[in-house]
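Me: Got a structure here I'd like to talk through. Can you take a look with me?

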Amino acid sequence: MRKLILASLAALSMGFAAFSAPAAIAESADKAAIEKIVREYLLANPEILVEVQDALTAKREKQEKITRDKAITASGDAIFSASADAVIGNPKGDVTVVEFYDYNCGYCKRALSDMDAMVKADPNLKFVLKEYPILGEDSLKAHVVAQAFKKLMPEKYGAFHRTLLSGERATEDSAMAVATQLGANETDLRKGMSDPAISILFDQNHQLATALNITGTPSYVIKDDVVFGAMGADVLSGKVANVRKCQSTVC
């Protein structure tokens with residue numbers, strides 16, 4: 001019945017639109033009549049608006065997934081195997097989890113334990129840390145220190161990452177304090193911070209995030225899927241298990 005009514009209304013609209021200019025007054029009255037019918041129908045059947053909204057949401061989600069799939073296919077190496085990214089866990093693991101994070105992201109701080117739990121429980125997991133400073137100048141400067149430290153002392157980057165991310169506010173000063181506590185020479189570190197490759201890397205990461213429709217942190221890329229938000233170790237581990245089972249996060 002609903003489809004019939006809507007089809008009839010559409011047919012009426014097309015018919016009225018085809019009237020000639022001399023019928024303008026009648027057409028205006030008929031348009032008002034149609035609008036009244038539509039309004040009364042929607043008021044009597046408001047659930048149809050929910051159906052329309054659900055259909056629109058589903059269509060947008062499908063379109064966004066198609067866009068993300070294309071981005072993952074086109075930029076797979078940059079996402080999963082960029083040499084500038086730090087790796088926690090097994091560098092030769094059979095499944096890779098990529099995390100976009102910001103050192104001042106509260107949810108990232110809470111999700112740190114998810115990464116550690118997953119890596120501890122899964123010796124074949126490769127966990128890639130992709131720096132995505134989006135929370136202001138303090139975050140950007142802290143990430144610059146992080147990149148310089150990683151290049152200077154890559155073997156201690158895991159300790160640096162955990163310490164800075166588990167602290168309070170990440171700034172250039174707090175990041176520098178963590179780096180020097182771990183043995184970095186401040187003069188060498190500040191020299192490394194001027195490397196133009198750092199800003200290029202951040203720009204590349206922002207471009208990847210945009211292509212993947214990532215606007216917040218933490219966000220994860222696992223095989224053919226993008227996971228938005230701190231969903232927890234169980235959810236992420238479940239997707240990893242599915243990748244091993246059927247080469248997709250959803251089997």
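Me: How much of the contact in the chain, at a separation of 6 or more, comes from residues 24 or more positions apart?
Reply: That share is 72%. Keep in mind that this is a predicted model.

Me: OK, and what is the chain built from, in helices and strands?
Reply: There are 11 helices and 5 strands. Of the 251 residues, 38% are buried.

Me: What about the exposed area?
Reply: About 14,000 Å² is exposed, with carbon and sulfur atoms supplying 58% of it.

Me: Let's do the sheet. In what order do the strands sit?
Reply: The order is β1-β3-β2-β4-β5, in an open sheet with mixed pairing. β1 and β5 (residues 225-228) are the edge strands, each pairing on one side only. From one strand to the next, the twist averages 25°.

Me: Which sense does each pair take? Start with β2 and β3.
Reply: β2 and β3 are parallel, over 7 bridges. In that pair, Tyr101 stands opposite Glu131 of β3. β1 and β3 are antiparallel over 4 bridges, and there Ile88 stands opposite Phe127 of β3.

Me: And on the β4 side?
Reply: β2 and β4 pair antiparallel over 4 bridges, with Val97 opposite Ile222 of β4. β4 and β5 also run antiparallel, joined by 4 bridges, and Ser219 faces Phe228 of β5 there.

Me: Back to β3. How many of its residues are buried?
Reply: 7 of its 7 residues are buried.

Me: Which residues go on which side?
Reply: Leu125, Phe127, Leu129 and Glu131 are on one side, while Lys126, Val128 and Lys130 are on the other. Both faces are covered. As a general point, side chains in a regular strand alternate between the two faces of the sheet.

Me: Switching to helices. What can you tell me about α5?
Reply: Helix α5 covers residues 106-121. It has a kink of about 25°, centred on Leu112.

Me: Why does its end-to-end distance agree with the expected span?
Reply: At 1.5 Å a residue, its 16 residues should span 22 Å, and the end C-alpha atoms are 24 Å apart, so the two agree.

Me: Which α5 residues are buried, and what covers them?
Reply: The buried ones are Cys108, Ala111, Leu112, Asp114, Met115, Met118 and Val119. Their cover includes strands β1 (86-89), β2 (95-101), β3 (125-131) and β4 (219-222). Helices α7 (157-165) and α11 (233-246) are also among what covers them. In general, an α-helix has 3.6 residues a turn, so residues three or four places apart point the same way.

Me: How about α3?
Reply: Helix α3 runs over residues 47-74. Its 28 residues should span 40 Å at 1.5 Å a residue, and its end C-alpha atoms are 41 Å apart, which agrees. Its buried residues are Ile48, Arg68, Ala71 and Ile72.

Me: I'm curious about Gln147. Where is it, and is it buried or exposed?
Reply: Gln147 is in helix α6, residues 137-152. It counts as buried because its relative accessibility is 9%, and the cut-off for buried is under 20%.

Me: What does Gln147 touch, leaving aside its neighbours within four places in sequence?
Reply: Gln147 is in contact with Ala84, Glu131, Ile198, Leu201 and Phe202. Glu131 is one of the buried residues of β3.

Me: Last topic: backbone oddities. Which peptide bond is cis?
Reply: The bond from Thr217 to Pro218 is cis, with omega near -10°. Pro218 lies in the loop between α10 (196-211) and β4. For context, most peptide bonds are trans, and most residues other than glycine have a negative phi.

Me: So where do positive phi values turn up?
Reply: Lys223 has one, about 55°, although it is not a glycine. Lys223 is in the turn of the hairpin that β4 and β5 form, with 2 residues between the strands. At 36% relative accessibility, Lys223 counts as partly exposed. Gln247 also has a positive phi, near 65°, and Gln247 is in the segment after α11.

How values were computed
Residues numbered from 1 in each chain as written. Predicted model: local features only at pLDDT ≥ 70, side-chain atom pairs only at ≥ 80, totals over all residues. Heavy atoms only, no water. Buried < 20%, exposed > 50% of the residue type's maximum accessible area, 1.4 Å probe, protein only. Contact = heavy atoms within 4.5 Å. Areas by Shrake-Rupley, 256 points an atom, 1.4 Å probe, with all protein chains shown as cover. Expected span 1.5 Å × (residues − 1). Bend = angle between axes of the 7 residues up to and from the residue. Pairing = 2+ DSSP bridges. Axes fitted to C-alpha atoms, helices over the stretch in contact; angles between N-to-C directions.
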